[in-house]
Amino acid sequence: MKFGIVLKLFLLTTTLCLLITGSIYIGQTIFFKQYYANRKVNELKSSIKSFEKQYLKSNGDVQSIQQLEQDFYRTQNTWITTLDQIGNIKTSNDYYAEIKIEDNKNSSQLLKIPLYHFLKDEDFLKDTHTISKSNAVDIYTVEKNGIIIPFYLNSVQNNSYWVNQSIWNKLDKEFPTFNQNYELKEKVELTQKYHTKFQINRLKGIVQNVRIPERNDVSSIIYSNSIFMDRINEFQTNLLFDEQNKFKTFKTLDYEQNGIKYKLFIDPIKEENGETNYIYSMASLQPVDEAVRMVKDYFVYMIAFVLLLTILASIYYSIKIARPLLRINDTTRKIAHLDFSERIEYHSKDEIGDLSQNINLLSNTLHSHITQLKQDIEKEKQLENTRKEFISGVSHELKTPLSIMKSCISILKDGVASHKKDYYFEAMEKEVDKMDLLIVDMLELAKYESGTYKMKMKPFLIDKVIVHVCNQLSLEIEKKELTIHKDLASIEVLANQHRIEQVITNYMTNAIRYTPEHEHIYISTAIEDEQVKVCVENKGSHIPNDQLDKVWERFYRGDTSRQRTEGSTGLGLAISKNILDLHGAQYGVMNTSDGVLFYFCLNRNK
């Protein structure tokens, strides 16, 4: 039996550890690469969209755009630039040649040619450049749909030439004239003869100005990345020869060179002048490839270490678990025969330790459940008493108006004092109104105590609510000739305005009811610890200290006869208590030197 448990636990632990290690290895070597690529692409798309917004705000300022590109490279480690509608870099104001073109009509024009399409980084970083001012040059351009792009530049003095390799390869691949062993001039003539969708022209001119970035210029960094520059040239070629313009929407393309995978992002943007420019970006996926290779090498050692550790841990924990299980088996056998004297002395903080403690506490738990059952029965009796008290209170409240109505009906039925018929009808109407008010208050109290009512909070000015309540109760105030003193501040609180108005009304009604005639009532607001404290103090007799907490109970009355005659249901403060509890507000009542003060606190609206 013992050997069987140890063997099973050993096999289970070993298998589980190997599965976990194998799953991690497979996930990191296979799925992690795809996960990394997808996440990086999504992050870069979001960053490019953010770059686009900042680019549009720059209003074409070259320095601002260059700064945006440099910041993007530092934060994302990704090359990015902006291209115009024909694929030229918009910020290349430091890498170009201005050539004065002469035609057969002896007129001249100035042609600005971006040199990064022709020169590689090793060319422009040389101390002595092969193209300079006053050089005579031959230029071959390809023209299509009004777009003219130079693709061949020849310096006559230096007998050197430079080619936009991307356009050259496109012509060499797609047009038969470039597949023959002809001179360039002959190829141009054949192309002009047989291809009407584009035109190749030969121009001659003199170099007027040459701008080439210095070795240490920040702007020269982008030109030093030959792969990125080749992709820009290829993109320009696609724009030139693509009839349908497949770059009208955001594109993500895959590219691989020298075993390294790249992601290309092309984001077309519409300028205010109607031109379509492009945000062009290239990200390398080489870091994840290197990480995956390192993970593979690392896991060779990791798996060997895990195997050794798994074997040792499996043996240790198998024995550690099997021995206490045998002791638990012996103890439970005795418990099955109702022998609870045996206890399991095992105090480890694991599942077996918990099992041992649970078995030891089995008899105590049974006793505690019996005790709890008795307590539940006692609570149920208390609830039953509360229900009886509530029903008794309601019956008592309804008994008086029903008795009055019954007496009035008997008098009217017997025809006694018929000249007071209207008086008795009016008395019955008042009693009906009292019962209606009692029922409404009972239903409202039940709604608050149900636990399902949710307060909708909105900001409002507490002083306006207090003034409104005082205006509503002006007749009752004038009837007892009371003086209201207001010390209010215009403070905005966050609460349910209608329910707080109901609380203030209950407070004021209670104060008016218990304040003797010709006395004073004080209403004030004050800020205490980011809360607004509302106080209502009335002059009059004190509430006994042992009954201060009882004023919030339903049907509580300090003066039963007076409240009943004045129309009180005894539920106003109980309703106020529930409203304030739903607000999470502090509230209370206290005796002052010559009266009683009710208060509550609300949160200020920040």
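In this predicted model, Asp138 is buried, with a relative accessible area of 11%, a value that falls under the 20% cut-off used for that class. The side chain of Asp138 meets that of Arg202 in a salt bridge, with a distance of 3.1 Å from N to O. Because Arg202 belongs to strand β7 (residues 199–211) and Asp138 to strand β4 (residues 136–144), the pair ties together parts of the chain that are 64 residues apart in sequence. Arg202, unlike its buried partner, counts as partly exposed, at 37% relative accessibility. In general, side chains of opposite charge can pair when their charged atoms come close.

The structure holds eleven salt bridges, and the pair of Asp138 and Arg202 is one of them. Another joins Glu271 to Lys90, and here the closest N and O atoms are 3.7 Å apart. Glu271 is placed in the loop between β9 (260–270) and β10 (276–284), while Lys90 is placed in the loop between β1 (79–83) and β2 (96–102), so this salt bridge ties together parts that are 181 residues apart in sequence. Lys90 counts as partly exposed, its relative accessibility being 33%.

A salt bridge within a single helix is formed by Glu43 and Arg39, whose closest N and O atoms lie 3.2 Å apart. The two residues are four positions apart in helix α1 (residues 2–57), which means that about one helical turn separates them. Both members of the pair are partly exposed, with a relative accessibility of 41% for Glu43 and 46% for Arg39. In addition to these pairs, Lys49, Glu52 and Asp267 are linked in a network of salt bridges.

Helix α1 also contributes to a nonpolar feature of the surface, since Leu16 is found in this helix and forms, together with Ile20 and Ile24, a nonpolar patch with about 270 Å² of accessible area in total. Leu16 counts as partly exposed, at 48% relative accessibility. A surface patch of another kind, negative in charge, is formed by Asp422, Glu426, Glu429, Asp433 and Asp436. Of these residues, Asp436 is found in helix α10 (residues 421–449) and is partly exposed, with a relative accessible area of 48%.

The interior of the model was examined next. In soluble globular proteins, nonpolar side chains tend to be buried together. The largest nonpolar core of this structure comprises 41 residues, and those that touch the most other members are Ile462, Ile500, Ile504, Tyr507, Met508, Phe598 and Phe600. Two or more residues are given to this core by each of the helices α11 (462–472), α13 (497–514) and α15 (572–583), and likewise by each of the strands β13 (492–495), β14 (520–528), β15 (531–539) and β17 (595–603). The greatest contribution is that of α13, which gives seven residues to the core.

Contacts between parts of the chain that are distant in sequence were also considered. Ile80 lies in strand β1 and counts as buried, at 3% relative accessibility. Ile80 and Ile279 are 199 residues apart in sequence, yet their C-alpha atoms are separated in space by 7.2 Å. A second pair is that of Ser224 and Tyr116, which are 108 residues apart along the chain and have C-alpha atoms separated by 9.8 Å. Ser224 is located in the loop between β7 and α6 (226–241) and is partly exposed, with a relative accessible area of 33%.

Finally, two residues were noted for their backbone geometry. The phi angle of Asn59 is near 55°, a positive value in a residue other than glycine, and Asn59 is found in the loop between α1 and α2 (62–76). With a relative accessible area of 68%, Asn59 is exposed, because this value is over the 50% cut-off for that class. The phi angle of Glu530 is also positive, near 65°, and this residue too is other than glycine. Glu530 has its place in the loop between β14 and β15 and counts as partly exposed, at 48% relative accessibility.

Definitions and conventions:
Residues numbered from 1 in each chain as written. Predicted model: local features only at pLDDT ≥ 70, side-chain atom pairs only at ≥ 80, totals over all residues. Heavy atoms only, no water. Patch = residues over 30% accessible without salt bridge, like charges linked within 9 Å, V, L, I, M, F, W, Y side chains within 5 Å. Areas by Shrake-Rupley, 256 points an atom, 1.4 Å probe, with all protein chains shown as cover. Salt bridge = Lys/Arg side-chain N within 4 Å of Asp/Glu carboxyl O. Lys, Arg positive; Asp, Glu negative; His and termini not counted. Charge placed at Lys NZ, Arg CZ, Asp CG, Glu CD. Buried < 20%, exposed > 50% of the residue type's maximum accessible area, 1.4 Å probe, protein only. Core = buried A, V, L, I, M, F, W, Y, C linked by side-chain atoms within 4.5 Å.
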